[in-house]
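Hi everyone, thanks for making the time. I'd like to walk you through one model today, starting with its empty spaces and then moving on to helices and strands.

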Amino acid sequence: MSDLNLPAHACVVVIGGGVMGCSTLYHLAGEGAGDAILLERNQLTSGTTWHSAAQVRALRHSRNLTRMIQYSIDLYAGLERETGQSVGWIQKGSLSIAANPDRLTHIKRQEALAHAYGIEAASIGPAEAKERWPLMNAEDVLGAVWSPDDGRVSPSDVCAALIKGAKKRGAKIFENTGVTGIHTQNGRIKAVETTRGIVACDAIALTAGLWSREVGAMAGVEVPLLACEHFYLLTHAVDGIGGNLPTLSDHDGHLYIRDDSGGLLVGCFEPRGKPIAPRQLDGSFAFQLLPEDWDHFEPMMVNALHRLPALEHAEVKMLLNGPESFTPDGTFLLGECAETRGLFLGCGMNSVGVAAGGGAGMNLAHCILHGRTAYDLGEADAKRFAPVFNSLEHLMARAPEVLGTHYDIAYPGRQFKSARNLRRLPLDGEHRAAEAYMGEFYGWERPLYFGAKTPPQLRFGRPDWFDHVRAEVAAAHESAAVFDASPFGKIDVTGGDAEAFLLHCCAGHVGRAPGSVVYTAVLNEQAGFESDITAQRIANDHYRLFVGSGSIKRDLAWFHRRAEGFDIRLQDTTEDYATLCLMGPQARRIAVESGAPEIAGIGYFKHARLHVAGCEVRAARISYVGEAGWEITCRSGDASEIYAAFVSKGAKPAGLFAQTSMRIEKGFCAMGHELDSDVTPVEAGLLPMTRAHGGFLGYEALCTRKREGAKRKVISLLFEDARAVPLGHEPVYLNGDIIGETTSCAFGYRVGAPVALGYGDARADAGAHVKVDIAREMFAARIVQGALFDPDSSLMRNGG
């Protein structure tokens with residue numbers, strides 16, 4: 001299958017011949033990049049792909065990840081017709097069972113999600129589940145969800161078909177060709193050095209699986225992933241298995257089960273995985289397995305014997321132990337890296353490589369050739385991790401936990417326990433003294449709520465933090481609260497072309513005079529949101545941009561890559577400054593009594609330099625929570641003194657959960673929820689925040705979308721039943737038809753009911769009474785256009 005002569009130049013070099021590499025090459029060639037090549041240091045599929053259990057389950061936790069897997073299903077089903085190469089596609093469906101009430105809620109939420117995404121799924125009882133899997137012990141099964149369209153493939157055959165299709169379109173494959181170096185110039189990819197010579201190239205697709213971190217380091221690129229051992233048991237023939245069966249998901253037992261050549265395949269994602277240190281598996285590791293570890297597998301074997309009594313008498317073939325790579329958050333890495341132009345990642349597949357490979361390879365190829373994925377995959381963005389997560393110490397701690405959470409129940413408020421306290425806010429000590437329950441965001445420990453004497457008991461019903469958050473919202477609404485927004489990224493833009501540069505990159509009115517605060521969209525060429533930011537103009541040649549906590553690396557790279565030809569300097573100043581948001585009707589009094597009487601003179605969407613508690617600050621008159629107040633930025637070292645002054649005058653600390661509740665009530669959109677790279681200001685209702693005369697990236701596409709009109713729009717939902725606990729991604733029904741879905745959800749303490757933001761189609765009219773499917777229970781809600789809660793405007797005029 002390997003070609004002979006290495007070319008002097010290739011448009012794209014794909015490094016790694018597993019399913020991701022093969023799929024990426026296939027799609028590159030399919031889009032006309034026929035001189036793309038693939039390098040594999042051993043043989044195709046010889047790392048992880050060959051021993052994959054190769055389940056292909058369509059439903060994922062977001063619409064576009066699901067869409068991506070659906071593409072894989074369609075691709076695999078059609079490859080044999082295209083290439084004549086069988087892929088071993090077996091479509092017998094999947095069966096997810098629940099052995100406790102919360103798991104039942106979990107799978108019913110998945111069923112509701114499947115309906116929203118157009119996937120066939122149905123709840124069935126224990127008796128029908130037993131009929132579909134006769135060998136299963138169903139005595140403790142409470143219910144199940146049946147998904148008929150899922151299946152599995154032969155991973156090596158899939159890769160063979162992909163390569164056959166790629167070669168037919170001109171692409172070449174070079175096996176036994178290791179990569180020994182990556183050449184860069186001025187921050188861009190120039191060439192790949194191999195054991196057979198040097199290949200000049202315009203781009204690299206790094207799809208080297210568990211070795212991607214080491215290869216990325218050759219180009220100075222951070223690739224935070226680590227391999228763990230992954231186990232499945234294979235048996236000889238078992239009575240009662242006469243043909244192919246659905247995949248059985250017993251996630252309460254940490255198990256997946258299917259037939260295999262007349263016997264059983266029983267795999268697990270045990271509660272705590274076994275990490276593999278880098279370089280433990282060297283370049284000679286090909287078509288090899290790791291040693292069996294029956295002591296480690298024994299608890300899973302006990303679970304398997306409970307679920308499959310026939311397993312007790314089955315003859316074991318082997319306990320397969322193969323490496324799989326995991327990222328710090330359990331989602332793969334896809335897209336161009338931040339550090340080096342032209343180096344694209346497609347790795348860290350978290351044991352879903354075969355299922356995701358078809359669609360992920362298509363999106364990676366699209367990103368290389370067109371500058372962006374075919375549709376928004378922000379949750380998999382290669383630039384989403386803080387540098388601290390590439391630490392080997394942190395990866396060795398986190399990856400085993402990520403493996404163990406693969407089958408966790410998706411409770412709201414879940415947080416990882418390992419590799420924590422990586423980055424502490426300037427007020428970390430004060431937050432912990434106030435019994436903050438922390439969440440991790442871009443490595444920062446950020447308060448979710450206060451008064452948590454013990455960790456919360458996670459559940460789908462009303463959460464443990466309900467009354468704590470109620471008190472925080474009441475403080476912001478009735479007196480004053482202080483929110484710590486220090487994790488927000490801060491980018492200083494300086495230089496003679498600062499205004500021209502931001503007018504080019506931003507759709508908002510960033511040309512306003514110094515002292516102005518501007519909320520602005522940052523759009524791509526298709527007019528979708530790359531980011532939404534707040535810009536403070538400090539001087540004619542100086543702006544400070546405030547970006548999302550998890551967006552700093554991505555946004556900084558985005559601006560850097562559009563700065564050519566402009567006399568500007570971009571600097572990440574996130575850790576230099578803290579930001580405290582003082583909000584509520586008593587905010588002005590507290591600020592004045594803290595030494596800032598002039599704060600009342602700052603107009604809305606204006607900022608000024610002044611002193612609080614004797615410390616120099618910059619106060620901006622804006623609010624993300626729908627209460628009057630100021631966002632106060634200070635040197636990080638001054639944060640404790642300023643915070644102490646506010647608290648001593650009566651301000652109460654408030655966390656992210658309170659902020660989110662108030663944001664949703666006010667109808668404010670957020671990146672990753674209502675906004676992403678597929679959404680334009682037209683759908684989001686933010687067109688008035690853009691410059692009508694244009695002159696910014698995405699303007700032409702925005703004009704086209706405006707003429708065409710929005711097919712969907714942001715809506716607010718007010719629930720009629722206080723028992724409803726929406727979490728996001730729930731389908732919204734009108735007269736029995738799905739017309740939209742939720743995006744952000746909370747309890748609205750100021751309106752006294754559960755609330756949500758979401759998207760609806762043309763039928764989602766203000767005042768319409770709809771039903772929201774929460775774990776297959778329909779809850780009544782009313783559509784509201786605009787804010788669900790809008791405080792008396794006099795508060796904003798008078799400053800409280």
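Before I give any volumes, here is the term we need: a cavity is a set of grid points where a 1.4 Å probe fits but cannot get out, and its volume is the space filled by probe spheres set on those points. Please keep in mind that this is a predicted model.

So, how many cavities of 30 Å³ or more does the structure hold? There are five of them. The largest cavity has about 120 Å³ of space. Its lining is made up of 13 residues, and those nearest the centre are Leu210, Glu214, Ala277, Pro278 and Arg279. Two elements give two or more residues to that lining, namely helix H6, at 212-217, and strand S12, at 226-235. If you like to think in terms of chemistry, the lining of the largest cavity splits into nine nonpolar, one polar and three charged residues.

Now for an open space. The second largest pocket offers about 240 Å³. It is lined by 19 residues, with Ser52, Ala53, Arg258, Asp260 and Leu265 closest to the centre. Here S12 turns up again, together with strand S14 at 255-260, as the elements that give two or more residues to the lining. Which element gives the most? That is S14, with three residues. By class, the lining of this pocket has nine nonpolar, six polar and four charged residues.

Let's move to a helix that I think you'll enjoy looking at. Helix H13 covers residues 552-560, and eight of its nine residues are buried, so the rest of the structure largely encloses it. The buried set is Ile552, Lys553, Arg554, Asp555, Leu556, Ala557, Trp558 and Phe559, and you'll notice Lys553, Arg554 and Asp555 in there. What do these buried residues pack against? Their partners are helix H12 (498-505) and a set of strands: S24 (489-494), S25 (517-523), S26 (529-539), S27 (542-547) and S28 (569-572).

On to strand pairing, beginning with S11, residues 197-206. Strand S1, residues 9-15, runs parallel to S11 and is joined to it by six bridges; one bridge pair here is Ile15 with Leu206 of S11. Strand S10, residues 188-194, pairs with S11 in the antiparallel sense over four bridges, and S10 and S11 form a hairpin with two residues between them. In that pairing, Thr194 has Gly197 of S11 as its bridge partner. Then there is strand S19, residues 343-347, which pairs with S11 in the parallel sense over three bridges. For Ala205, the bridge partner in S19 is Phe344.

My last stop is an open sheet of three strands, ordered S20-S22-S21, with mixed pairing. Strands S20 (423-424) and S21 (437-441) are at the edges with a single partner strand each, so one side of each has no neighbour in the sheet. S21 pairs with strand S22, residues 444-449, in the antiparallel sense over five bridges, and Phe441 has Trp444 of S22 as its bridge partner. Helix H16, residues 656-666, packs on this sheet and touches S21 and S22, with its direction at about 65° to that of S22.

That's my tour, and I'm happy to go back to any part of it on the screen. Thanks for listening!

Conventions. Residues are numbered from 1 along each chain as its sequence is written. This is a predicted model: local features need pLDDT of at least 70, side-chain atom pairs count only at pLDDT 80 or more; totals for chains, interfaces and linings use all residues. Side-chain values use heavy atoms; hydrogens and water are left out. On a 1 Å grid over the protein atoms alone, a cavity is a set of points where a 1.4 Å probe fits but cannot get out, and a pocket is an open set with protein on both sides within 12 Å along at least five of seven lines; lining residues have an atom within 4 Å of a point. Ala, Val, Leu, Ile, Met, Phe, Trp, Tyr, Cys and Pro count as nonpolar, Asp, Glu, Lys and Arg as charged, and the others, Gly among them, as polar. Buried means under 20% relative accessible area, exposed over 50%, partly exposed in between (1.4 Å probe, protein chains only). Contact means heavy atoms within 4.5 Å. Two strands pair if DSSP finds at least two bridges between them. Axes are lines fitted to C-alpha atoms, for helices over the stretch in contact, and angles run from 0 to 180 degrees between N-to-C directions.
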